[in-house]
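Please walk through this protein step by step, with the sequence and the three-dimensional view at hand. The explanation should suit someone who has not met this structure before.

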Amino acid sequence: MGNDQDLLEQRRPVPARSGNAGPSGRLDIVATSWGRNTDYHASAPRPLLLYVGPFGERGRPTGLFAQEDPRIHGIAPLPSFARLELAIPTLTQRVRTFGAYADATIDEVLGPAAERATRLGATTLDHTVFLNRGDHFEARPLPREAQLAPAFYAGIADFDGDGNEDVFLSQNFFATDVATPRYDAGRSLLLRGDGTGGLDAVPGQRSGLIVYGEQRGAAYADFDRDGRLDLAISQNGDSTRLFHNVGAQPGLRVRLIGPPGNRSAIGAQMRLRYGDRNGPVREVQAGSGYWSENGAIQVLGRAGEPTALWIRWPGGRAQVVPLTSGQAEVTVPNP
């Protein structure tokens, strides 16, 4: 996938908001966050905490990051003394010097307001895929390359046409505070799925997806009807980029015609069948990411020659549509 000079590397078939990364048919979830390349870090033994309460000027609700400080054996605020005294005017009544602030706990900093504060915690800032195991979700962090920058849109589809679902992330965030450099280590990222829940980062030189700006919304669709998913990526304060997919193996274009009031069949699910074997599930969605909506016409990559298309329509009714060898497109009206 790329511009006039770039190509998405074509791969041979190998024996996921939500998608399906494995063969079970249960929808998995990709959740984006801030990644690991920020000023803040979180773990289960040392979570990142957020205190929210009326301790700002004139009792204004204010948020304050804090974390356990092993040196003082207590929870300490993370902002600097100079910045925090601007947000909490009463701070200097309790903590008068920089030295005292360095040794102060959150209770000493907030005083009586600490008791009225709501405390929230995060044990990870990783971008994560949650694999649906039926009775629970198994959390797996996305590859290291995905953790280098915050991500907003997560698109799940078969971008290389090998029959396995892939993931695309739009990255970066520039509106940091004065003391923090902007988070700009990402240039958009394609993660290639292996069909069992594993994802591998594809370098931009091979995918053709290189966007250095502050990426936000994105959406995929087969803009030129060639059976390959193209990708539009918006940028905050810069032009929207359209990447033409010229290297993927063409897939099956599927157009569902839903009932009146839902002609795009929003909520329908589909998957290819290869005899007794099933491909991954794809869902028609409205609102498919950060201020974005993917195309309603789906392109399903093929890991062999499919024999049928399975559809579950909104409302739960299932339908199986036979396919012919080499079929490139199918239109299915609501039964």
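## Charges, rings and strands

A convenient place to begin is Arg182, which lies over the face of Phe174, at 4.0 Å from the ring centre. A comparable arrangement involves Arg277, which lies over the face of Tyr274, here at 4.4 Å from the ring centre. Both descriptions, like everything that follows, refer to a predicted model.

With these details in mind, the view can widen to the whole chain. The protein chain has 335 residues, of which 47% count as buried, and its secondary structure comes to five helices and 23 strands. Along the principal axes, the C-alpha trace spans about 80 × 45 × 35 Å.

The aromatic rings offer a way into the interior of this chain. The structure holds 10 aromatic pairs, and one of them joins Trp34 and Phe173 in an edge-to-face arrangement, with 5.1 Å from centre to centre and 85° between the planes. Trp34 lies in the loop between strand S2 (28–31) and strand S3 (48–53), while Phe173 lies in the loop between strand S10 (166–171) and strand S11 (189–193), so the pair ties together parts that are 139 residues apart in sequence. Trp34 counts as partly exposed because its relative accessibility is 36%, whereas Phe173, at 18% relative accessibility, counts as buried.

Trp34 also pairs with Tyr183: the centres of these two rings are 6.4 Å apart and their planes stand at 65°, so this pair, too, is edge-to-face. Since Tyr183 lies in the loop between S10 and S11 and Trp34 in the loop between S2 and S3, the pair ties together parts that are 149 residues apart in sequence. Tyr183 is buried, with a relative accessible area of 14%. Beyond these two pairs, ring pairs link Trp34, Phe152, Phe173, Tyr183, Tyr290 and Trp291 into a cluster.

Which residues does Arg216 touch, leaving aside those up to four places away in sequence? They are Phe152, Tyr153, Ser170, Asn172, Phe173, Ser234, Asn236 and Tyr290, and among them Phe152, Phe173 and Tyr290 have already appeared as members of the ring cluster. Arg216 itself is found in strand S13, which covers residues 215–221, and this arginine counts as buried because its relative accessibility is 10%, under the 20% that marks the limit for buried residues. For one of its neighbours a polar contact can be named, as the side chain of Arg216 reaches the backbone oxygen of Asn172 at 3.1 Å.

Further along the chain, attention can turn to a sheet. Strands of a sheet pair through backbone hydrogen bonds, either parallel or antiparallel. Three strands form an open sheet here, in the order S20-S16-S23, and their pairing is mixed. Its edge strands are strand S20 (298–300) and strand S23 (329–333), each of which pairs on one side only. Neighbouring strands of this sheet are turned by 25° against each other on average, with direction ignored. Strand S16, made up of residues 252–257, runs parallel to S23, and five bridges join the two. Within this sheet, Ile257 stands opposite Pro333 in S23.

Notes: Residues numbered from 1 in each chain as written. Predicted model: local features only at pLDDT ≥ 70, side-chain atom pairs only at ≥ 80, totals over all residues. Heavy atoms only, no water. Pairing = 2+ DSSP bridges. Helix = DSSP H or I, 4+ residues; strand = E, 2+ residues; numbered from the N terminus. Axes fitted to C-alpha atoms, helices over the stretch in contact; angles between N-to-C directions. Buried < 20%, exposed > 50% of the residue type's maximum accessible area, 1.4 Å probe, protein only. Polar contact = N/O pair within 3.5 Å; in protein donor to acceptor, adjacent residues only side chain to side chain. Contact = heavy atoms within 4.5 Å. Phe/Tyr/Trp six-rings, centres within 6.5 Å; stacked < 30°, edge-to-face > 60°. Lys NZ or Arg CZ within 6 Å of the ring centre and 35° of its normal.
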